[in-house]
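Got the viewer open? Here is a short tour, one selection at a time.

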Amino acid sequence: MSTAAIAGVDVDVDAEGFLQKPEQWTEAIGLEIAAAHGITMTDRHWLVSKFMRQRYLDTGTAPTIRTLGKESGVEIKELYQLFPKGPAKLAAKIGGIPKPKGCI
Amino acid sequence: MADAIEKVSIIISKGSFEGVYPGLILANGARMEGIECNVFFTFFGMDVINPKKNPYLKVATVGNPGLHLPTLVGALPGMSAMVTHQMAKKMEELDLPPIPEFVQLLADSGANLYACKASVDMFELKKEDFIGDLKDIITVGEFYAMAAGGQIIFT
């Protein structure tokens, strides 16, 4: 674990840049992480990232891509349009939670 | 990462429950990482993209030493259905979708799904026999052309 300055705040991140302490997250941090991955956040992006974040805070585990498609309000096809380079992991990174560990 | 995988082509040739899931999980995992993914269904693997058959795939309980069941016990009526049911239940707990839903998930994720021409001819099938999201029926040569520049995984 190391520290990175994102949006002017020092946060704890892993080697891939996932926040390790969700409580350090702010929307400004999410925006800057998204921009670094070439993503301009829209309401739909936020819907997914915030759903993931909330699920993680509630359950301690990030939801699977299947759950995202069924319960976030954004279907699988759109998830891949919003986050072409890996929806679950990018949405988690932007939402300020650790990297999802599941295979699905 | 300089040597990150950018494309995979996965061949699924078996129609048993345990023969199908590894390929589907690998394919979905690829798309989740933003990796371009083709899935080539051949021989009994074509059951996965056949809507009349894909809800009914079962674990092979005969000739499957991994189950550690005596062969004659594995051959009892209903044994395959029972083991499949138990495994499917466990998978549902892990949020692994049933096969028809999994195939739809893959298609929606942008994985390209193909059937093998030789197998389609052998089983006397047509494009209409498969799910609507099947991209094409292709020859081995076309498969290699499509897989060029990426990894090929045979399950």
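Start with the charged pairs between chain B and chain A: five salt bridges cross this interface by the rule used here. Keep in mind that this is a predicted model. For a good example, select R66(A) and E92(B) and show their side chains, which meet in a salt bridge at 3.1 Å, N to O. While you're there, turn on polar contacts: eight residue pairs make them across the interface of chain B and chain A, with both residues at pLDDT 80 or more.

Now colour the helices of chain B. Helices α1 (17-32) and α4 (99-108) of chain B each give at least two residues to the side that touches chain A. What classes of residue make up that side of chain B? You'll count seven nonpolar, three polar and six charged residues.

Next, select the whole contact, with 16 residues from chain B and 16 residues from chain A. Together the two chains bury about 1500 Å², and 54% of that is on carbon and sulfur atoms. Which residues of chain B lose the most area to chain A? Pick M32(B), D95(B) and D108(B): together they account for 41% of what the chain B side buries.

Time to leave the interface salt bridges and zoom out. Over all chains, the structure holds 13 salt bridges. For one within chain A, select E71(A) and R55(A), whose side chains meet at 2.7 Å, N to O. E71(A) sits in helix α3 (residues 65-71) and R55(A) in helix α2 (residues 43-59), both of chain A, so this pair ties together parts that are 16 residues apart in sequence.

Last stop: the second largest pocket, which holds about 280 Å³ of space. To find it, select T61(A), A62(A), K101(A), G102(A) and C103(A), which lie nearest its centre among the 21 lining residues. Colour the lining by class and you get 13 nonpolar, four polar and four charged residues.

Technical notes:
Residues are numbered from 1 along each chain as its sequence is written. Chains are lettered from A and ligands numbered from 1 in the order in which they are written. This is a predicted model: local features need pLDDT of at least 70, side-chain atom pairs count only at pLDDT 80 or more; totals for chains, interfaces and linings use all residues. Side-chain values use heavy atoms; hydrogens and water are left out. Contact means heavy atoms within 4.5 Å. Buried area is the accessible area (1.4 Å probe) that two parts lose on being put together, summed over both. A salt bridge is a side-chain nitrogen of Lys or Arg within 4 Å of a carboxyl oxygen of Asp or Glu. A polar contact is a pair of N or O atoms within 3.5 Å; within protein, one must be able to donate a hydrogen and the other to accept it, and residues adjacent in sequence count only if both atoms are side-chain atoms. Helices (H or I, at least four residues) and strands (E, at least two) are DSSP runs, numbered from the N terminus. Ala, Val, Leu, Ile, Met, Phe, Trp, Tyr, Cys and Pro count as nonpolar, Asp, Glu, Lys and Arg as charged, and the others, Gly among them, as polar. On a 1 Å grid over the protein atoms alone, a cavity is a set of points where a 1.4 Å probe fits but cannot get out, and a pocket is an open set with protein on both sides within 12 Å along at least five of seven lines; lining residues have an atom within 4 Å of a point. Grid points are joined across faces, edges and corners, and a volume is the space filled by probe spheres set on the points.
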